[in-house]
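Welcome! Please take a moment with the sequence and the model shown here, and then we can walk through them together.

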Amino acid sequence: MKTLKFMGHSDDTFGEYGTTMDDIDNAGSGEPIQCVIEADGTALIVTGQYDRNGTGTWDIGISLLMSDTDMLYTAGLEAENAELKKLLRSIRSYYRENIA
């Protein structure tokens with residue numbers, strides 16, 4: 001399985017920098033940047049938006065392209081930042097205890 005690493009750079013470039021090296025530049029418009037990832041008949045949308053809350057950081061979200069699919073995609077998510085790792089552990093724990 002390949003690892004995809006999504007990151008935002010500066011205030012206008014977001015993309016996948018682990019496998020495909022694809023990036024998208026929105027010329028500092030502040031609009032969300034979306035990447036569609038397809039594999040095994042399923043498609044995800046990975047969205048990056050810079051400074052949405054005035055914090056000077058990138059918000060990165062993941063959603064299913066087909067909303068009628070009942071799946072949660074946190075199992076394969078990894079983070080390099082310690083705070084993000086803690087958040088992912090909390091999401092997985094909540095899912096196991098309340099949804100699965």
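## Surface and burial

Accessible areas here come from the Shrake-Rupley method with a 1.4 Å probe. By that method, the protein chain exposes about 7400 Å², and 50% of this area is supplied by carbon and sulfur atoms. Please keep in mind that this is a predicted model.

How much of the chain counts as buried? Of its 100 residues, 23% do, where buried means under 20% relative accessible area.

## Overall layout

The protein chain holds one helix and six strands. Read from the N terminus on, its elements follow the order β-β-β-β-β-β-α.

Contacts across the sequence can be summarised too. Taking those in the protein chain between residues at least 6 apart in sequence, 18% join residues at least 24 apart.

## The three-stranded sheet

Let us turn to an open sheet of three strands, ordered β1-β2-β3 and paired in the antiparallel sense. Why is one side of β1 and of β3 left without a neighbour in the sheet? Both β1 (6–9) and β3 (22–25) stand at the edges and have a single partner strand each, so one side of each lacks a neighbour there. From one strand to the next, the twist averages 20 degrees.

As a reminder, strands of a sheet pair through backbone hydrogen bonds, in either a parallel or an antiparallel way.

## Pairings within the sheet

Strand β2 covers residues 13–16 and pairs with β1 over four bridges, in the antiparallel sense. If you would like a residue to look for, His 9 has Thr 13 in β2 as its bridge partner.

On to the pairing of β2 with β3: these strands run antiparallel and are joined by four bridges. Here Phe 14 finds its bridge partner in Ile 24 of β3. The two strands, β2 and β3, form a hairpin with five residues between them. Which residue in that turn has a positive phi? Met 21 does, with a value of about 60 degrees.

## A look at Gln 49

Further along the chain, Gln 49 has its place in strand β5, which spans residues 42–50. What does Gln 49 touch, leaving aside its neighbours within four places in sequence? Its contacts are Gly 30, Pro 32, Thr 57, Trp 58 and Asp 59.

Gly 30 deserves a second glance: its backbone oxygen lies 3.0 Å from a polar atom of the Gln 49 side chain.

Definitions and conventions:
Residues numbered from 1 in each chain as written. Predicted model: local features only at pLDDT ≥ 70, side-chain atom pairs only at ≥ 80, totals over all residues. Heavy atoms only, no water. Pairing = 2+ DSSP bridges. Axes fitted to C-alpha atoms, helices over the stretch in contact; angles between N-to-C directions. Polar contact = N/O pair within 3.5 Å; in protein donor to acceptor, adjacent residues only side chain to side chain. Contact = heavy atoms within 4.5 Å. Buried < 20%, exposed > 50% of the residue type's maximum accessible area, 1.4 Å probe, protein only.
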